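Trainee: I would like to learn how to read a protein model feature by feature, taking the general idea before the particular case. Could we work through one together?

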Amino acid sequence: MNHVHLVIPDLFLPKNFAADTLASSHLPALAKLLARGIVTRVGNPISLEASLSKLFGQIDAEYAPIAAIGATYDGLPQGNWLRADPINLRLQRDQMVLSAVSPSAEEARQFCSSLNAYFAGQGMEFFAPHPLRWYLRLDKSLGIQTTPLPELFGCNIRSVLPTGLDATHWHQVFNEIQMLLYAHPINAAREARGESPINSVWFWGEGDANQALRCDFQQVSSDDELVKMFAVATDTRFTEWSPHWCGADGTQLLVWAGLRSAMQRGDLAVWRDALSAFEIGYAQPLWQALQSGKIAQINLEVLAGNNSRCFKLTRSATWSFWRRSKPLAHYSTV
């Protein structure tokens, strides 16, 4: 029978603005999916990166070796890899806040060239096969634990710098990179155009490239390229995200990051519009398919920090009328 596992980060908003944002929203199918399912609360806060690591068979560590997976996907050779993605850091009172940047391919190439010249002979080499995905290849394995970059946009990074045996060394490298990029002529040109400077990189994605991955789904679909990387690494059929749900035989993994990207930009209007489109394109046809028996089971995994939950629905759940639908704001986080 056909099964669907649906992962949605940032579906539950914080209470301080959930009511206003959702006041005019009409989401009957999504409300039924949430109300009729058997609910399991996730014990610890879980990110999309940690969820994907578990879904693709990572058992021994919280995160799969995302840097190594991405390096292979982007055509780089095997090695000890870290992601070293470009970011903007700005001081706000006593906080160092991280923001996203969008360098051009030529800017990325020049920045990496400068970093390689500076760190020449230190067993480090930077690569930028994609403007937003930079990598650092090392001569030896790592002794640090990091936090994935997508979890940190808009956050104070002082408490989430690398930890572990080699943490002090990497804090020093982090500081040296900031000093180098601060004075880089490309940033002067960016600021003259009104663009944020690229004044640091964020290290993340460490892990043993030899760790085995697996996928128990026959088809994967997502609007997040990291999901595609996992699918490619496990030779799983991947389809690009469509405005409307496309049914598939067997087991299907759907990972929708549209709300996450809107929240990272702080754009609640886009968040609300994306959710309305999801209601029509996915929630309604999935509910109808479950009701008619075309789908045997839906597992809906909502990632929302301490409020993360899993909702399991079978066809019988569609007839559980006593489980009254609640407005989405009911599930908001404190």
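Mentor: Let us begin with internal voids, and bear in mind throughout that this is a predicted model. A search of the whole structure turns up one cavity of 30 Å³ or more.

Trainee: How much space lies in the largest cavity, and which residues line it?

Mentor: The largest cavity holds about 50 Å³ of space, and its lining consists of Tyr63, Ala64, Ile66, Thr146, Pro148, Trp204, Gly205 and Glu206. Sorted by class, that lining has five nonpolar, two polar and one charged residues.

Trainee: Let us turn to the sheet. In what order do the strands of the open sheet stand?

Mentor: The general idea is that strands of a sheet pair through backbone hydrogen bonds, either parallel or antiparallel. Here seven strands form an open sheet in the order 2-12-11-1-10-8-9, and the pairing is mixed. Strand 2 (38-41) and strand 9 (237-240) stand at the edges with a single partner strand each, so one side of each is left without a neighbour in the sheet. On average, and with direction ignored, neighbouring strands of this sheet are turned by 15° against each other.

Trainee: How many residues of strand 11 are buried, and how does strand 11 pair with strand 1 and with strand 12?

Mentor: Taking burial to mean under 20% relative accessible area, six of the seven residues of strand 11 (residues 297-303) are buried, so this strand is largely enclosed by the rest of the structure. Strand 11 pairs with strand 1 in the parallel sense over seven bridges, and Leu303 in strand 11 is the bridge partner of Pro9. With strand 12 (residues 309-314), strand 11 runs antiparallel and is joined by six bridges; there Ile298 stands opposite Leu313 of strand 12. The hairpin of strand 11 and strand 12 has five residues between the strands, and in it Gly305 takes a positive phi near 60°.

Trainee: What happens at the edge of the sheet where strand 9 pairs with strand 8?

Mentor: Strand 8 (residues 219-222) and strand 9 run parallel and are joined by four bridges, with Thr239 of strand 9 as the bridge partner of Ser221. Helix 8 (residues 225-233) lies across strand 8, strand 9 and strand 10 (251-255), and it runs at about 155° to strand 9.

Trainee: Which residues other than glycine should I look at for a positive phi?

Mentor: As background, most residues other than glycine have a negative phi. Asp10 has a positive phi near 65°; Asp10 lies in the loop between strand 1 and helix 1 (15-22) and, at 24% relative accessibility, counts as partly exposed. Asp235 has a positive phi near 55°; Asp235 is found in the loop between helix 8 and strand 9, and Asp235 is exposed, with a relative accessible area of 74%.

Trainee: Now for helices. Which residues meet where helix 5 contacts helix 7, and at what angle do the axes cross?

Mentor: One general point helps with reading such contacts: an α-helix has 3.6 residues a turn, so residues three or four places apart point the same way. The axes of helix 5 (residues 105-118) and helix 7 (residues 185-192) come within 10 Å and cross at roughly 150°. Glu107, Gln110 and Phe111 in helix 5 meet Ile186, Asn187 and Arg190 in helix 7, a contact that has two nonpolar, two polar and two charged residues by class.

Trainee: Which residues of helix 9 are buried, and what do they pack against?

Mentor: In helix 9 (residues 258-265) the buried residues are Gly258, Leu259, Arg260 and Ala262, and they pack against strand 1 (3-9), helix 3 (48-55) and helix 10 (268-292). Helix 9 is followed by Gly266, whose phi is positive, near 70°.

Trainee: Is Leu275 buried or exposed, and which residues does Leu275 touch?

Mentor: Leu275, found in helix 10, counts as buried at 2% relative accessibility. Leaving out residues up to four places away in sequence, Leu275 touches Leu11, Leu22, Leu27, Leu30, Trp256, Leu259 and Leu328. Leu259 is thus a useful residue to select in the viewer, being listed both among the buried residues of helix 9 and among the contacts of Leu275.

Notes
Residues are numbered from 1 along each chain as its sequence is written. This is a predicted model: local features need pLDDT of at least 70, side-chain atom pairs count only at pLDDT 80 or more; totals for chains, interfaces and linings use all residues. Side-chain values use heavy atoms; hydrogens and water are left out. Axes are lines fitted to C-alpha atoms, for helices over the stretch in contact, and angles run from 0 to 180 degrees between N-to-C directions. Helices (H or I, at least four residues) and strands (E, at least two) are DSSP runs, numbered from the N terminus. Contact means heavy atoms within 4.5 Å. Ala, Val, Leu, Ile, Met, Phe, Trp, Tyr, Cys and Pro count as nonpolar, Asp, Glu, Lys and Arg as charged, and the others, Gly among them, as polar. Two strands pair if DSSP finds at least two bridges between them. On a 1 Å grid over the protein atoms alone, a cavity is a set of points where a 1.4 Å probe fits but cannot get out, and a pocket is an open set with protein on both sides within 12 Å along at least five of seven lines; lining residues have an atom within 4 Å of a point. Grid points are joined across faces, edges and corners, and a volume is the space filled by probe spheres set on the points. Buried means under 20% relative accessible area, exposed over 50%, partly exposed in between (1.4 Å probe, protein chains only).
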